[in-house]
Amino acid sequence: MSHSMTGYGGAVRSYGGYVVQFEIKSVNHRYAEVVLRMPREWTCYEDGLRRLVQRHIKRGRIDVYISKERDESGTLPYVLNRPVVEAYLKAAGELAKHYGVDAKLSARDLLSLPDALTAPAETSLEGTAEPDWEQVLTDGLEEALIGLLGMREREGKHLAADLAERLQRLEAIHGELVRLAPEVVNEYRSRLKGRLSELLEGNYDEQRFAMEVAVFADRSNIDEELIRLKSHFEQCRSLLQAYEPVGRKLDFLIQEMNRETNTIGSKANHLALVNLVVEMKAELEKIREQAANLE
């Protein structure tokens, strides 16, 4: 089933005294572009998370936001991060010794400093790859992706239904073109014969007349274009029912249908045919706009 390139998903995970929030959204893009924004200490997990997104999404710009904050409501006890506290005290002593700054720190001051307290499951070294954190990030991102993919699939169904209706309209116009195509030559033959009879009072060369009609018929023949258009319609219907990204293929087919339609318009020497070509081009433009939203 076709998927839209637009969607949103979210998830929340609690671990190590933190609440981790995941948000992922996608919009239209010619290729697959994944942009991750998350705390710097998790940079070591970026490649794995990016590959996870790319396994599920083949086209679109995907923005992933991962943030964390202290879980104030949790019951997990915090412990003193002694190396960090000692480093703060040492820095305060150096400030007092070398710059004469009053560097007295109370217990409240120390406990309010970044990383002075830590949950038992945390690491004291930023950027150290912890398998537990990696699993938390992977699980949270997968949950957010499920929400995103669900929204993309639902919107894709609506787009596919709309495209199917417009394709049906194109097929109706195509049927009118097939019906009118033979009449073009017949009407030209009648008009030409009437003019020759009026101007030459019926004294004209029948063989030359037949050759002129044959040349016009060959020049205005649109059978090949109509056959190719019918083939393109069938391919479009197959793509709309496929379980794979079809956006680029549809874009190519729409270009080909536009090319055939333009050729019919240049060959058409009949007002009704020209009007149908204009109508078909307008419908193709609407299809192109909708297909641009498909993965």
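What is the volume of the largest cavity? The answer is about 70 Å³, and we will come back to that space once the surroundings are familiar. Please keep in mind that this is a predicted model.

Let us begin with the chain as a whole. The chain contains eight helices and six strands. If you follow the sequence from its start, the elements come in the order β-β-β-α-β-β-α-α-β-α-α-α-α-α. The chain has 295 residues, and 38% of them count as buried. Among contacts with a separation of 6 or more, 79% join residues that lie 24 or more positions apart.

Now for the interior. The largest nonpolar core is made of 33 residues. L170, L177, F233, L250, M257, I264 and M280 have the most contacts inside this core. Helices α4, α6, α7 and α8 each provide at least two of its residues, and α4 gives the most, with 10 residues. To get a feel for how this core is joined, try looking at L177. Apart from its neighbours within four places in sequence, L177 is in contact with L226, I264, L273, L276 and M280. A second, separate core has 26 residues, including Y45, V53, V136 and L149.

A good place to explore next is L141, which sits in helix α4. Is L141 buried or exposed? L141 counts as buried because its relative accessibility is 0%, and the cut-off for buried is under 20%. Beyond its neighbours within four places in sequence, L141 is in contact with F22, I24, L49, L52, V53 and V64. Of these contacts, V53 is also one of the residues of the second core. L141 can also be paired with G10: the two are 131 residues apart in sequence, yet their C-alpha atoms are 8.1 Å apart in space.

Let us return to the cavity. How many cavities of 30 Å³ or more does the structure hold? There is one. Its lining is made up of L163, L167, C236, L240, L250, I254, M257, I287 and A291. The elements that give two or more residues to this lining are α4 (131–200), α6 (223–240), α7 (247–267) and α8 (271–291). Helix α7 contributes the most, with three residues. Sorted by class, the lining consists of nine nonpolar residues, with no polar and no charged ones. Two of the lining residues, L250 and M257, also appear among those with the most contacts inside the largest nonpolar core.

The cysteine in that lining deserves a short stop. C236 is buried, since its relative accessibility is 5%. C44, on the other hand, is partly exposed because its relative accessible area is 41%. The structure holds zero disulfides.

Helix α6 has another residue to visit, E225. With a relative accessible area of 5%, E225 is buried. Setting aside its neighbours within four places in sequence, E225 is in contact with E260, T263, I264 and K267. Just before this helix, the loop between α5 (206–219) and α6 holds I222. I222 is buried too, at 4% relative accessibility. Leaving out neighbours within four places in sequence, I222 is in contact with A181, I264 and K267. I264 and K267 therefore appear on the contact lists of both E225 and I222. I222 can also be compared with E260: these residues are 38 apart in sequence, with 9.3 Å between their C-alpha atoms.

Our last stop is at the beginning of the chain. Where is S2 placed? S2 lies in the segment before β1 (7–15). Its relative accessible area is 1%, so S2 counts as buried. Not counting residues up to four places away in sequence, S2 touches E153, G156, K157, L239, L240, A242, V246 and L294. One of these, L240, is a residue we met in the lining of the largest cavity. S2 and E244 are 242 residues apart along the chain, while their C-alpha atoms are separated by 6.8 Å.

Key: Residues are numbered from 1 along each chain as its sequence is written. This is a predicted model: local features need pLDDT of at least 70, side-chain atom pairs count only at pLDDT 80 or more; totals for chains, interfaces and linings use all residues. Side-chain values use heavy atoms; hydrogens and water are left out. On a 1 Å grid over the protein atoms alone, a cavity is a set of points where a 1.4 Å probe fits but cannot get out, and a pocket is an open set with protein on both sides within 12 Å along at least five of seven lines; lining residues have an atom within 4 Å of a point. Grid points are joined across faces, edges and corners, and a volume is the space filled by probe spheres set on the points. Helices (H or I, at least four residues) and strands (E, at least two) are DSSP runs, numbered from the N terminus. Ala, Val, Leu, Ile, Met, Phe, Trp, Tyr, Cys and Pro count as nonpolar, Asp, Glu, Lys and Arg as charged, and the others, Gly among them, as polar. A disulfide is a pair of cysteine sulfur atoms within 2.5 Å. Buried means under 20% relative accessible area, exposed over 50%, partly exposed in between (1.4 Å probe, protein chains only). A nonpolar core is a set of buried Ala, Val, Leu, Ile, Met, Phe, Trp, Tyr and Cys residues joined through side-chain atoms within 4.5 Å. Contact means heavy atoms within 4.5 Å.
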